[in-house]
Every structure is written in structure tokens, then in C-alpha cells.
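Reader: Could you walk me through this fold? I would like to start with the surface and then move inward.

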Amino acid sequence: MTTIDTAGIWIDLPASGGVADRFRADQPLGAGLVQIASSNADFACRENNLRTLWEHPGFTDVDGTLDLFGYTTSDVIEFPWDIVPTVPGAVGVAYAGAHRMRGYGSTGVLPLITISTRLKAGGGTAGVVLVANSGGRPQPRDPYVVLSSTSTPYERKTGTLALTLGDVFSRSIAPLVEDTTPPGEPIEPGVDTIVHLWVGVWNYSGAKTSTRGMTIYLGAPP
């Protein structure tokens, strides 16, 4: 049996006082009214988690390749994240920050991480990679998505990452009540889930890759 937690839209319930207030004192609550309130709460929790995480104006004329450090393959898992940007022929690297991830409402599923950019190759094949991990330098086991293009004019490219709780950093948090001395016991302990994002740009053949309007945002999971 499939359980529907929300109607997927916000259903307005007057609650501003007066005779139209469905939640005024001593007003009986029917099952339908409670279902609508529950649906709204779940819908709000879902929508509240969907937001922009990172924006970047873009990279210009990046001609670094994946075999920059003498690798024998052109596999993106060997991306040279440690490159110094001023080195001739360097790839483009950006740390896109640490971001809190919450489940998509009552589903518990993490939202999709989406990267979108305008990309052009300028010759050869342009590449952009987005990596998500629980912290530290990106590793071959980390989830990633690759955008590629052979277009000479800019073209819009979009890719998504579907993460699990095993892909993010989790830590227990227990804020202390500091209005007493010594501080009181935590009122509401919980778990904080953090994901770190990295973006890399390169060209497979050493031509010049450029990007414009890079954005990473959270979208609804399937």
C-alpha cells in the first residue's frame, strides 16, 4: 500500500483569527482538516530544503588536461585537484563549499544536487565535473557527475547527483541551554548532515574550455 504524505501543493487554511479561523479555540477538528494541515507541513518541509548552494561567474580559456601529471588515462577520477591555478596548462578548480543536507520531507531521501552552466569547448571536448563528499580532497570513490561539450558557441549543460546518507558527513549536535550556570542539559539533540562540493574544469585535448553562469542547487528527488 502506498502512503501519500502530501498533496504536493499548499492548501490554504485560514488561521488569522475570527470566525473563519479553522484553529480557533474550541473549534472541532475533523479528519479532513487535520490531513490538510499534515499535508501542508510535509510540503513546506520539502520546499524549504530546495535552494541554491553555490554560484560562480565561470572559467575562461582553461586548457589543462586530465593527464597533466603524467596519468596514463583520461579518467575523471584522476582529476588533478592539487594543481596550482597559476601553472601553465592548469585545469580549473573551485571548492563549492560545505552545505547542510536535510531529507526531502517525510521521505527521508536527500534532494538531488544539480549543477548547471553554459559551456563551450573552443576546440576539442570541454569537461566539467562536480564531486560531492563528506570532507577532504576528492577521492575516486566519491560520487560525481560530468558535463561535456564539443560546441563552439556556449550551450547550456545540466547534471544531477543523487546522494545517500553514506555520502555525507554526519555529526551529533546537542545545543546547550546557556541561560544557567552551569549550562543545562540539551533540550533537543539531533544530527547535522554536511556535504562538501568540488568543481573541476578541463579540456580533453588541451584546447580552451570556458564556462559561464555556473550554479549548483538542490532539486526534488525522483
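Author: Gladly! This is a predicted model. Its accessible surface comes to about 12,300 Å², and the share of that surface belonging to carbon and sulfur atoms is 54%.

Reader: Thanks! Which residues make the nonpolar surface patch of about 310 Å²?

Author: One member, Ile 77, sits in the loop between E1 and E2. Because its relative accessibility is 35%, between the 20% and 50% cut-offs, Ile 77 counts as partly exposed. The full patch is made by Ile 77, Tyr 144, Val 146 and Tyr 204.

Reader: Moving inside, which residues of the largest nonpolar core touch the most other members?

Author: In soluble globular proteins, nonpolar side chains tend to be buried together. Here the largest such core has 28 residues, and strands E1, E2, E3, E4, E5, E8 and E9 each supply at least two of them. The members touching the most others are Ile 113, Leu 130, Leu 197, Val 199 and Ile 216.

Reader: Leaving aside neighbours within four places in sequence, which residues is Leu 130 in contact with?

Author: Happy to list them. Among the partners of Leu 130 are Leu 197, Val 199 and Ile 216, which also belong to that core. The others are Ile 113, Ile 115, Pro 143, Tyr 144, Val 145, Leu 161 and Trp 198.

Reader: And what distance separates the end C-alpha atoms of helix H1?

Author: The protein has one helix and nine strands, and H1 covers residues 31-48. At 1.5 Å a residue, its 18 residues should span 26 Å, so the model agrees with expectation: the end C-alpha atoms are 26 Å apart.

Key: Residues are numbered from 1 along each chain as its sequence is written. This is a predicted model: local features need pLDDT of at least 70, side-chain atom pairs count only at pLDDT 80 or more; totals for chains, interfaces and linings use all residues. Side-chain values use heavy atoms; hydrogens and water are left out. A nonpolar core is a set of buried Ala, Val, Leu, Ile, Met, Phe, Trp, Tyr and Cys residues joined through side-chain atoms within 4.5 Å. Buried means under 20% relative accessible area, exposed over 50%, partly exposed in between (1.4 Å probe, protein chains only). Helices (H or I, at least four residues) and strands (E, at least two) are DSSP runs, numbered from the N terminus. Contact means heavy atoms within 4.5 Å. The expected span of a helix is 1.5 Å times one less than its number of residues. Patches are made of residues with over 30% relative accessible area and no salt bridge: like charges are joined within 9 Å, nonpolar side chains (Val, Leu, Ile, Met, Phe, Trp, Tyr) within 5 Å. Accessible areas come from the Shrake-Rupley method with a 1.4 Å probe; for residues, only the protein chains shown count as cover. A salt bridge is a side-chain nitrogen of Lys or Arg within 4 Å of a carboxyl oxygen of Asp or Glu.
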